[in-house]
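Q: Could you take me through one part of this model up close? I'd like the small sheet and whatever packs against it, with a bit of context for the rest of the chain.

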Amino acid sequence: MNELQREFSAFINNMDVRLGAFVLADLPETFEKEDGETVKFPKDFGPKSLPMLELFVLSKFPNTEEILKPENRRFFEGLIRYLGETYLRAIGGVWDHDESTGNGMPFIRPDNADGPAAGEPIPLVGIVLAAVDQRSAEVFTAVLDKARELLGGDGQPRRKCTGLSLGVLNAENSSEEEVEFLTRFIGTVEPGIAAWTQEQADPSSWGFDRESLARLGKQVAVRYDGPDDMIAEDETPFTAGAMRFIGETVRRVAFGQWRYGAELEADDPRSKQPFIRFVIGDQNLDLVPWRLIQAALENDDAIASALDAVIEMREQEAAEADESSDDSASATDGADEN
């Protein structure tokens with residue numbers, strides 16, 4: 001995997017938390033229209049949210065130079081994520097990137113009358129810049145209307161929603177403290193892991209896989225005699241990198257989400273700690289990297305075993321879903337025969 005592929009993979013893998021943080025932290029609850037009317041700001045990834053979104057963007061940025069400033073990069077990226085996911089839900093398509101241009105910027109490859117993802121790319125970065133430059137508050141919607149025309153027929157997508165399945169953070173399932181922490185923390189995960197692996201023996205051999213977690217567990221067991229050794233000042237770079245590596249590996253392999261233990265009792269293992277949440281069926285399973293690295297002192301296979309447990313639960317969940325689908329199909333066949 002080359003650098004552009006890694007960047008695109010990271011963009012998709014971090015969609016859940018970063019888009020959730022954008023919706024909750026960067027988009028307002030209400031918005032005052034030009035006529036002075038205050039209205040509720042829609043955050044539902046629906047086409048009707050596009051005009052309000054564009055008006056909000058224009059109110060924040062007077063020109064393209066302003067939105068391209070480094071301090072606005074996080075907002076710009078969140079805006080691209082929201083815009084892309086809204087288009088996908090309305091017209092179908094997939095996230096994609098173009099390595100041949102050398103920039104690897106993500107865009108939407110929409111469905112059209114010729115088939116799935118057969119349309120011309122929708123360049124989200126260019127659309128945002130055009131909107132800020134033209135200042136008509138009509139660009140986001142015009143792009144969608146044109147793509148709907150190219151779908152043919154009644155302009156409705158031929159596939160069920162192709163947007164990513166998101167466990168988006170919202171006011172009901174998170175807090176302002178959690179969103180603020182994750183907004184800062186998520187951006188440090190991949191750079192922190194990259195710096196950490198460069199300090200390890202054979203840096204290129206570390207991958208987001210079970211084998212690397214098993215190796216890390218053995219390393220921790222040999223390196224430390226007890227938990228107090230881990231929090232020594234000169235050990236902070238190692239433990240901080242290792243915790244990010246553990247969390248990001250189990251998140252990627254078993255499809256989890258970074259969360260933060262805000263407003264929990266002090267004796268809760270997740271309290272004031274970043275952790276990974278897995279939604280399995282109607283249950284939440286939380287893994288705390290700091291606890292896993294401590295567990296490796298007693299059992300050097302503890303970290304890898306935690307990943308095994310989640311994968312086993314995922315496989316059981318899939319098997320039960322298949323069984324339920326087979327039962328439904330059998331019932332349908334029986335009804336047809338009758």
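A: Here is a walk through the sheet, with the whole chain first and one helix residue at the end.

This is a predicted model, so to speak of local features takes pLDDT of at least 70 and side-chain atom pairs count only at pLDDT 80 or more, while totals for chains, interfaces and linings use all residues. Residues are numbered from 1 along each chain as its sequence is written, and side-chain values use heavy atoms, with hydrogens and water left out.

The protein chain has 13 helices and 7 strands (DSSP runs, numbered from the N terminus: H or I of at least four residues for helices, E of at least two for strands). Its C-alpha trace spans about 65 × 65 × 45 Å along the principal axes. Of its 338 residues, 44% count as buried, meaning under 20% relative accessible area with a 1.4 Å probe, protein chains only (over 50% is exposed, in between is partly exposed).

Now the sheet. Three strands make an open sheet in the order β5-β6-β7, with antiparallel pairing; two strands pair if DSSP finds at least two bridges between them. β5 (257-260) and β7 sit at the edges with a single partner strand each, so one side of each has no neighbour in the sheet. On average, neighbouring strands here are turned by 40° against each other, direction ignored (axes are lines fitted to C-alpha atoms, for helices over the stretch in contact, and angles run from 0 to 180 degrees between N-to-C directions).

Zoom in on β6 (residues 274-280) and β7 (residues 283-287): 5 bridges join these antiparallel strands. Ile-276 has Leu-287 in β7 as its bridge partner, and Arg-277 stands opposite Asp-286. The hairpin has 2 residues between the strands, and Gly-281 there takes a positive phi near 65°. As background, strands of a sheet pair through backbone hydrogen bonds, either parallel or antiparallel.

What lies across the sheet's β5 and β6? That's helix α8 (residues 176-198), running at about 130° to β5; contact here means heavy atoms within 4.5 Å.

One more spot, in another helix: Thr-86 is found in α5 (residues 73-91). Thr-86 is buried, with a relative accessible area of 0%. Leaving aside residues up to four places away in sequence, Thr-86 touches Phe-45, Gly-46, Pro-47 and Leu-50.
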